[in-house]
Amino acid sequence: MRKDKRRDERMTVVNKLESALASAKSLSGDLKSFSLDTDNQEAKQMFGMLSTNADNMVNMIESRINTLKNEEPQYNQEQ
């Protein structure tokens, strides 16, 4: 029973991370768009740096999701 509870908790974490991943991808896209839409070079640079940071977040979250899924291979079979 304890192992099932742990697996359920891990699945919940993965679901939350997948939601955060979608938000980070959306944020990155918005920031890239803002960078392209402005003529102000300072703002363009700022939005470019922020989109790079968001891309880094995407990569880190994806890595964590993969780690959790590898720790619980049954999760991949159920999806």
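Analyst: A quick definition to start: helices are DSSP runs of H or I with at least four residues, numbered from the N terminus. In this predicted model, Leu36 is found in helix α1.

User: Why does Leu36 count as exposed?

Analyst: Exposed means over 50% relative accessible area. Leu36 comes in at 69%, so it counts as exposed.

User: How far is Leu36 from Phe47 in space?

Analyst: Their C-alpha atoms are 8.9 Å apart, with their positions 11 residues apart in sequence. Phe47 is one of the buried residues of α2.

User: What makes Lys69 and Glu18 a salt bridge?

Analyst: The cut-off is a Lys or Arg side-chain nitrogen within 4 Å of an Asp or Glu carboxyl oxygen. The closest N and O atoms of Lys69 and Glu18 are 3.2 Å apart, so the pair makes the cut. This one links distant parts of the chain: Lys69 sits in helix α2 and Glu18 in helix α1, 51 residues apart.

User: Why is Lys69 called buried, and Glu18 partly exposed?

Analyst: Buried means under 20%, and partly exposed runs from there up to the exposed cut-off. Lys69 has a relative accessible area of 18%, so it's buried. Glu18 has 31%, so it's partly exposed.

User: How many salt bridges are there by that rule?

Analyst: The count comes to 3. One of them joins Lys25 and Glu62, at 3.6 Å from N to O. Lys25 is in helix α1 and Glu62 in helix α2, 37 residues apart. Another joins Lys32 and Asp55, at 3.2 Å. Lys32 lies in α1 and Asp55 in α2, so that pair ties together parts 23 residues apart in sequence.

User: How do you know that the length of α2 agrees with a helix of 31 residues?

Analyst: At 1.5 Å a residue, α2 should span 45 Å, and its end C-alpha atoms are 45 Å apart, so the two agree. At the N-terminal end of α2, Asn40 acts as the cap, with a side-chain oxygen 2.9 Å from the backbone nitrogen of Glu42.

User: Which residues make up the largest nonpolar core?

Analyst: There are 8: Val14, Leu17, Leu21, Ala24, Val58, Ile61, Ile65 and Leu68. Both α1 (2-37) and α2 (41-71) supply at least two residues each. Leaving out residues up to four places away in sequence, Val58 touches Leu21, Ala24 and Lys25.

User: Which helix has the lowest mean pLDDT, and which the highest?

Analyst: Among the elements of the protein chain, α3 (residues 73-78) is lowest at 60 and α2 highest at 96. The chain averages 88, and 77% of the residues score at least 70.

Definitions and conventions: Residues numbered from 1 in each chain as written. Predicted model: local features only at pLDDT ≥ 70, side-chain atom pairs only at ≥ 80, totals over all residues. Heavy atoms only, no water. Core = buried A, V, L, I, M, F, W, Y, C linked by side-chain atoms within 4.5 Å. Buried < 20%, exposed > 50% of the residue type's maximum accessible area, 1.4 Å probe, protein only. Contact = heavy atoms within 4.5 Å. pLDDT = per-residue confidence, 0-100. Expected span 1.5 Å × (residues − 1). Polar contact = N/O pair within 3.5 Å; in protein donor to acceptor, adjacent residues only side chain to side chain.
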